[in-house]
Amino acid sequence: MKYLLSILSFVIILTGCNKGQEKKSSNDIDQKVDSLLSEMTLEEKIGQLNLPSVGDVSTGISTNKGIAKQIKEGKVGGLFNINGLDKIRAVQKVAIEESRLGIPLIIAKDVIHGYRTTFPIPIGLSASWDLELIEKSARIAAEEASADGIAWTFSPMTDISRDPRWGRVSEGSGEDPYLGGKIAEAMVKGYQGDDLSAENTLLACVKHFALYGASEAGRDYNTVDMGRLRMYNDYFPPYKAAVDAGVGTAMASFNEIDGVPATGNKWLMTDVLREAWGFDGFVVSDYTGVSEMIAHGMGDLQQVSALAINAGVEMDMVSEGFLTTLEKSVEEGKVSEETITNACRLILKAKFQLGLFDDPYRYMDEERAAKIFSDENRAVARKVASESMVLLKNDDVLPLKKEAKIALIGPLANNKENMVGTWSVSSDISKSISIYDGIKEVSTNPKNIKYAKGSNLVADPDLEKRIGMFGKNTYRDDRPESVMIAEAVQLAQKSDVVVAILGEASESSGESSSRTDISIPDIQVNLLKALKATGKKVVVVLLSGRPLVLNEILEDSDAILNAWFPGSEAGLALADVLYGDVNPSGKLTMTYPQNVGQIPIYYAHKNTGRPLEGEWFQKFKTNYLDVSNEPEFPFGYGLSYTNFSYDNLSLSTESISMDESLTVSVEVSNTGDVTGKEVVQLYIRDMVGTVTRPVKELKGFQKIELKAGETKTVEFTLSKEELGFYHQDMSFYAEPGQFKVFVGTSSENVLKDEFELKAKK
């Protein structure tokens with residue numbers, strides 16, 4: 001009877017707050033967590049640390065077998081990869097009604113760049129340089145997913161990468177830590193809002209902590225070897241920005257750091273993340289990240305599980321190493337029960353913050369779920385997609401006239417499945433808008449839009465199978481290459497202009513999609529050359545999840561528009577840009593190399609003792625024999641249908657003290673004939689330091705809209721925070737001395753001035 005009264009009092013405490021109340025104080029939640037922990041056995045605490053992937057379950061699940069049996073026994077803290085409100089409700093009901101303590105599950109999903117309404121892939125989102133739109137895309141994703149049973153997303157991915165061979169650059173925000181940090185902050189705010197207990201917010205997860213984007217040879221899951229200064233100055237800032245924004249969870253990366261896998265790296269998870277940065281959420285491993293440490297050579301499942309939880313990883317995704325070995329490790333003194341209790345505390349706290357104890361079914365709203373993928377949301381997706389596209393070249397061919405006869409040609413020109421890009425697991429692909437359908441809809445005469453495939457994506461059928469292995473069909477055509485090209489040429493000859501859709505498929509980038517050759521495949525190059533030989537103007541639209549090597553197609557194209565993978569509204573958004581209803585304003589967030597041999601190539605590089613100054617080639621300087629050091633397209637680059645000029649760069653003063661700030665202003669004018677948007681970019685260079693500094697660092701940007709003939713003065717503020725950096729002792733501060741300031745339309749096309757930062761008196 002005493003035990004039953006204890007449980008009853010616990011239940012009364014849990015139900016003290018009802019759905020719709022104001023968000024609960026931290027102390028209130030802490031008291032409830034402590035009360036619940038006092039009732040839990042060691043086995044139940046360990047169960048909360050287990051996050052299995054269930055794939056899918058039947059609605060009428062039996063609670064005496066499979067995942068339902070584990071839930072009933074208190075051995076599951078959360079689930080992911082489960083679809084459908086009825087199925088999610090069924091497993092939650094088992095947790096609430098049939099487990100001893102009725103602790104709700106947290107349901108997770110890879111909501112990466114939208115839910116049903118799919119936005120451009122993250123690198124495309126970043127190319128918009130529009131933080132408000134990026135935050136709005138995350139907000140819509142949270143509203144849709146939270147109505148469909150999801151409470152937790154594994155996003156944002158904030159891995160800095162300077163190697164486009166790595167497939168997962170498609171999931172990130174590019175090469176720059178400053179921009180990456182701003183986007184991370186916007187995404188966290190969009191997902192989590194101001195109140196996690198609100199029914200339309202998601203718990204966010206910053207990933208992959210840490211350095212995953214610096215994998216050797218651009219090969220996924222590979223080793224990372226990096227000094228501490230580069231970690232802190234170049235790769236850590238976006239993760240920290242997410243933490244500072246209040247992100248609720250973090251995910252460990254697959255790679256090793258200083259010889260220890262991140263999943264078992266106590267310096268990373270405890271010393272840096274918790275103690276230095278003040279992170280107060282919980283850390284989850286990546287998929288089988290715990291058990292994968294066996295292959296790394298860190299021991300058997302019991303050893304690596306102990307290593308992970310002692311390092312500061314609280315939840316084990318899929319491996320079940322915690323579930324099956326931690327009790328034994330406690331008995332043997334290898335893991336303390338206090339460590340397990342603290343891990344469980346963090347997970348329970350997140351569940352209270354989400355309001356799951358008040359209403360375990362709060363994220364299962366059939367009425368709200370019926371309204372997702374709305375016309376309003378799709379309109380936003382269309383706008384975001386058009387804002388993300390980057391115009392790389394335009395020899396007075398774009399925008400097109402809506403009455404023009406267009407030969408639409410290319411392997412993905414009439415393919416809706418590939419428009420949503422990688423990691424679009426919840427996208428309603430059947431309702432995506434293909435390029436062919438979108439252009440026909442926006443054209444004034446749909447009959448003027450004719451389509452021919454022209455070529456396959458790649459010549460090798462086995463490679464094409466690997467590219468399409470996740471169900472996004474590329475519809476390979478078995479006709480001879482010459483026949484397909486001849487058909488396309490015949491169509492081009494009857495048209496006013498050719499729009500060639502080239503590049504890669506959606507799953508040519510993403511996880512486990514690294515490539516050694518990131519050039520346009522020969523089979524597509526052959527098609528383009530044949531189209532150009534007709535004498536018609538040729539507009540190339542690139543579909544890609546990474547920067548590509550474009551030297552083979554530059555001369556044979558009159559315009560090149562990088563559309564990335566634009567999402568649900570791909571065809572309509574692309575038509576908006578091609579026809580000039582939207583003036584392209586995207587800017588690159590990764591540098592485009594001339595060839596793969598230049599990789600890694602990025603704007604914020606450091607000088608050597610023998611920098612190349614002046615024309616290439618110079619012997620005994622840092623350059624190549626066969627190609628210049630210059631990129632094909634630099635970071636921050638992107639054209640418009642209008643022109644912008646920069647004038648009168650001025651600084652508020654020639655010198656500032658450590659306690660003062662500097663105002664940088666510049667006049668930007670639209671010298672063209674149409675309204676356009678411009679991303680004004682601010683860079684600095686610290687000329688002398690106790691450690692070497694990059695030749696340029698982005699420290700500010702503003703996206704502005706100017707009417708034809710309009711001029712605006714754009715202002716930025718620089719203080720010691722923007723001028724500071726991490727030193728050899730990992731302390732952060734600005735050093736006195738001379739600085740250069742650069743403001744312009746890209747990292748290369750800039751005006752410049754200089755000022756002095758004075759030491760404290």
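**Group meeting: cavities, a small sheet and aromatic contacts**

Hi everyone. I'll begin inside the protein: by class, the lining of the second largest cavity has 7 nonpolar, 4 polar and 2 charged residues. Before I go on, please keep in mind that this is a predicted model.

That cavity holds about 100 Å³ of space. Its lining is made of 13 residues, and the ones nearest its centre are Q48, I71, G74, S99 and I103. In total, the structure holds 5 cavities of 30 Å³ or more.

Now for the largest cavity. Its volume is about 140 Å³. Here 19 residues form the lining, with P156, M157, E171, S173 and I183 lying nearest the centre. Which helix gives the most to this lining? That is α8, which contributes 4 residues. If you want to find the helices on your screen, α8 covers 177-192 and α6 covers 122-126, and each supplies at least two residues of the lining. Sorted by class, the lining of the largest cavity has 11 nonpolar, 6 polar and 2 charged residues.

Let's move on to a sheet. Three strands form an open sheet, in the order β2-β3-β4, with parallel pairing. Why is one side of β2 and of β4 left without a neighbour in the sheet? Both strands, β2 at 78-80 and β4 at 152-153, stand at the edges and have a single partner strand each, so one side of each stays free of a sheet neighbour. As a quick reminder, strands of a sheet pair through backbone hydrogen bonds, and they can do so in parallel or antiparallel fashion. In our sheet, β3, residues 106-109, pairs with β4 in the parallel sense over 2 bridges. You can look for A108 there, which stands opposite W152 in β4.

Next, the aromatic rings. The count comes to 25 aromatic pairs. One of them is F80 with Y287, an edge-to-face pair with 6.1 Å centre to centre and 90° between the planes. This pair links distant parts of the chain: F80 belongs to strand β2, while Y287 is in the loop between β9 (282-284) and α12 (293-296), 207 residues apart. Are these two rings' residues buried or exposed? F80 has 2% relative accessibility and counts as buried, whereas Y287, at 38%, counts as partly exposed.

Then there is F739 with F755. Their ring centres lie 5.4 Å apart and their planes are at 10°, so this pair is stacked. F739 is in strand β25, residues 737-744, and F755 is in strand β26, residues 750-757, with their positions 16 residues apart in the numbering. F739 counts as buried at 0% relative accessibility, and F755 counts as buried at 1%.

There is also an aromatic cluster to show you. It is formed by F209, Y232, F236, Y239, W267, W277, Y726 and F732. One of its members, W267, has a charge over its ring: the charged end of R228 sits there, 3.6 Å from the ring centre. A second arginine, R693, places its charged end over the ring of F725, 4.1 Å from the centre.

To close, here are two places to visit on your own screens. Start at F80 in strand β2 and go across to Y287, then turn to W267 with R228 over its ring. Thanks for listening!

How values were computed. Residues are numbered from 1 along each chain as its sequence is written. This is a predicted model: local features need pLDDT of at least 70, side-chain atom pairs count only at pLDDT 80 or more; totals for chains, interfaces and linings use all residues. Side-chain values use heavy atoms; hydrogens and water are left out. Two strands pair if DSSP finds at least two bridges between them. Rings of Phe, Tyr and Trp (its six-membered ring) pair if their centres lie within 6.5 Å; planes under 30 degrees apart count as stacked, over 60 as edge-to-face and the rest as tilted. Buried means under 20% relative accessible area, exposed over 50%, partly exposed in between (1.4 Å probe, protein chains only). A charge sits over a ring if NZ of Lys or CZ of Arg is within 6 Å of the ring centre and within 35 degrees of the ring normal. On a 1 Å grid over the protein atoms alone, a cavity is a set of points where a 1.4 Å probe fits but cannot get out, and a pocket is an open set with protein on both sides within 12 Å along at least five of seven lines; lining residues have an atom within 4 Å of a point. Grid points are joined across faces, edges and corners, and a volume is the space filled by probe spheres set on the points. Ala, Val, Leu, Ile, Met, Phe, Trp, Tyr, Cys and Pro count as nonpolar, Asp, Glu, Lys and Arg as charged, and the others, Gly among them, as polar.
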